Amino acid sequence: MDFTTVYHAFTQSLDGTDSYVVLRRDLDSLMGSDPDNAVSYYVLRGLADSYVTLYADQAVSPDFAHQAKTEMIRLLDIVKPALADKTTSVAVRYQAINALVTSYSSGKKRF
């Protein structure tokens with residue numbers, strides 16, 4: 001499994017908590033199999049876990065679920081180029097995760 005596979009699985013999944021549970025599990029797996037990018041997977045896993053923790057036992061509207069998934073995909077898109085290419089330098093990977101954190105912290109928090 002690699003980040004591109006995880007990314008595509010999430011983008012093709014249905015809106016809702018189950019997709020985040022799978023994303024969280026897949027990111028856990030990537031932390032073990034791709035330790036050079038563990039910090040990126042850990043941050044993304046934390047976001048997926050936050051969604052599950054907040055909404056697993058709640059009914060959310062389809063519109064909210066779609067907006068949240070769109071936001072998660074936007075965050076995944078920030079790091080995708082750096083994580084999908086195994087030849088990406090450490091500096092570029094670091095810049096990508098910093099961009100993700102900056103974007104998340106300045107955006108609307110759904111999870």
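Axes are lines fitted to C-alpha atoms, for helices over the stretch in contact, and angles run from 0 to 180 degrees between N-to-C directions. The model is predicted, so local features need pLDDT of at least 70 and side-chain atom pairs pLDDT 80 or more, whereas totals for chains, interfaces and linings use all residues. Residues are numbered from 1 along each chain as its sequence is written, and side-chain values use heavy atoms, without hydrogens and water.

**Exercise 1.** Determine how the axes of helices α3 and α5 cross.

*Solution.*
1. Helices are DSSP runs (H or I, at least four residues), numbered from the N terminus.
2. The axes of α3 (residues 38–55) and α5 (residues 90–106) come within 10 Å and cross at roughly 25°.
3. Angles under 35 degrees count as roughly parallel; α3 and α5 are therefore roughly parallel to each other.
4. Their contact (heavy atoms within 4.5 Å) is made by Ser40, Val43, Leu44 and Leu47 of α3 and by Ile97, Leu100, Val101 and Tyr104 of α5.

**Exercise 2.** Identify the surroundings of Thr11 in helix α1.

*Solution.*
1. Thr11 is found in α1 (residues 3–12).
2. A polar atom of the Thr11 side chain lies 3.1 Å from the backbone oxygen of His8.
3. Leaving out residues up to four places away in sequence, Thr11 touches Lys69 and Ile73.

**Exercise 3.** Explain which parts the salt bridge of Asp15 and Lys69 ties together.

*Solution.*
1. A salt bridge is a side-chain nitrogen of Lys or Arg within 4 Å of a carboxyl oxygen of Asp or Glu.
2. The structure holds 6 salt bridges; in one of them the side chains of Asp15 and Lys69 meet (3.9 Å, N to O).
3. Asp15 lies in the loop between α1 and α2 (17–33) and Lys69 in helix α4 (residues 62–84), so the pair joins parts 54 residues apart in sequence.

Note on methods
Helices (H or I, at least four residues) and strands (E, at least two) are DSSP runs, numbered from the N terminus. Angles under 35 degrees count as roughly parallel, over 145 as roughly antiparallel, 65 to 115 as roughly perpendicular and the rest as oblique. A polar contact is a pair of N or O atoms within 3.5 Å; within protein, one must be able to donate a hydrogen and the other to accept it, and residues adjacent in sequence count only if both atoms are side-chain atoms.
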